[in-house]
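Trainee: I keep meeting words that sound obvious until someone asks what they mean. Could we go through them together on a real example?

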Amino acid sequence: MELLEQKILNEGRVLSESVIKVDSFLNHQIDPVLMQQIGGEFADRFANEGVTKIITLESSGIAPAQMTGLSLGVPAIFARKRKSLTLIDQLYSASVHSFTKNETNEISVSKDYITSDDKVLILDDFLANGQAVLGLMNIVEQAGASLAGVGIVIEKGFQDGGKILREQGIRVESLATIASLANQKITFTKEGASV
Ligand code: G4P
């Protein structure tokens, strides 16, 4: 997605060979116009999949998930990383380890909002090692729901997540795929090229 790549080039700050900061539009301040376009793009790509629910993980997945839900006309659910005061219902839970942050979160979703009738689109802001998506897939499986695919705003193609998911036959649509962050330079993988 050209517009997103331009935004990453203009506003992204390379923090290391493996981490890029995009706080000005995705991870802290949110650009609502860009988010709306992102939502429209995911909706177009998954238009024929019969999606009934979108699921993401708090917090940065919420904005693109909500805008995609708006475009597809379906609800967006965010899995919680911490127990909420009001989340007293029966829960589906999974453990998600972040190699980037070196922490493990127990993520949970109320059984009220995902059922075996659902066809679920998983969305997230970043795809690095794939652990968040695998945790969300585990929850979709526990609910007996089916998976429409995975939508990612920024995939880091030099990490394993995309490969792990695609090898399982899962449809992964990334709007921008970063091939490298070496030497403070952001380079993208061309759309359609293998990661
Ligand atoms: P994985 O799920 O693909 O295995 O990713 P990983 O554990 O490595 O990532 C953990 C967190 O770090 C996620 O955010 C993810 O979005 C974020 N992250 C990973 N790589 C980058 C990067 O290069 N740049 C930025 N800005 N973020 C990155 P999170 O903990 O869920 O945070 P948030 O959603 O509350 O913002």
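Trainee: How many of the residues count as buried, and what makes a residue buried?

Mentor: Of the 195 residues, 49% count as buried. Buried means under 20% relative accessible area, exposed means over 50%, and partly exposed lies in between, with a 1.4 Å probe and protein chains only. Do keep in mind that this is a predicted model, where local features need pLDDT of at least 70, side-chain atom pairs count only at pLDDT 80 or more, and totals for chains, interfaces and linings use all residues. Residues are numbered from 1 along each chain as its sequence is written, and side-chain values use heavy atoms, leaving out hydrogens and water.

Trainee: Why is the protein called as compact as a globular protein of its length?

Mentor: First, its secondary structure comes to 6 helices and 10 strands; these are DSSP runs, H or I of at least four residues for helices and E of at least two for strands, numbered from the N terminus. The radius of gyration, taken over C-alpha atoms, is set against the globule rule, 2.2 Å times the number of residues to the power 0.38. The protein has 16 Å, close to the 16 Å that the rule gives for 195 residues, so the description fits.

Trainee: Which residues of helix H4 are buried, and what covers them?

Mentor: In H4 (residues 62-72), the buried ones are Ala63, Pro64, Ala65, Met67, Thr68 and Gly69. Their cover includes helix H3 and strands E3, E4, E7 and E8.

Trainee: What makes E4 and E10 edge strands?

Mentor: Two strands pair if DSSP finds at least two bridges between them. The open sheet has 6 strands in the order E4-E3-E7-E8-E9-E10, with mixed pairing. E4 and E10 each have a single partner strand, so one side of each is left without a neighbour in the sheet.

Trainee: How do you know that E3 and E7 pair?

Mentor: They share 3 bridges, in the parallel sense, and the definition asks for at least two, so they qualify. One bridge joins Lys53 to Val120 in E7.

Trainee: And in which sense do E5 and E6 pair?

Mentor: Antiparallel, over 8 bridges. The bridge partner of Ser93 is Ser108 in E6. In their hairpin, with 4 residues between the strands, Asn102 takes a positive phi near 50°.

Trainee: What makes the side chains of E5 alternate?

Mentor: Tyr92, Ala94, Val96 and Ser98 point to one face and are buried, whereas Leu91, Ser93, Ser95 and His97 point to the other and are not. In a regular strand, side chains alternate between the two faces of the sheet.

Methods
Contact = heavy atoms within 4.5 Å.
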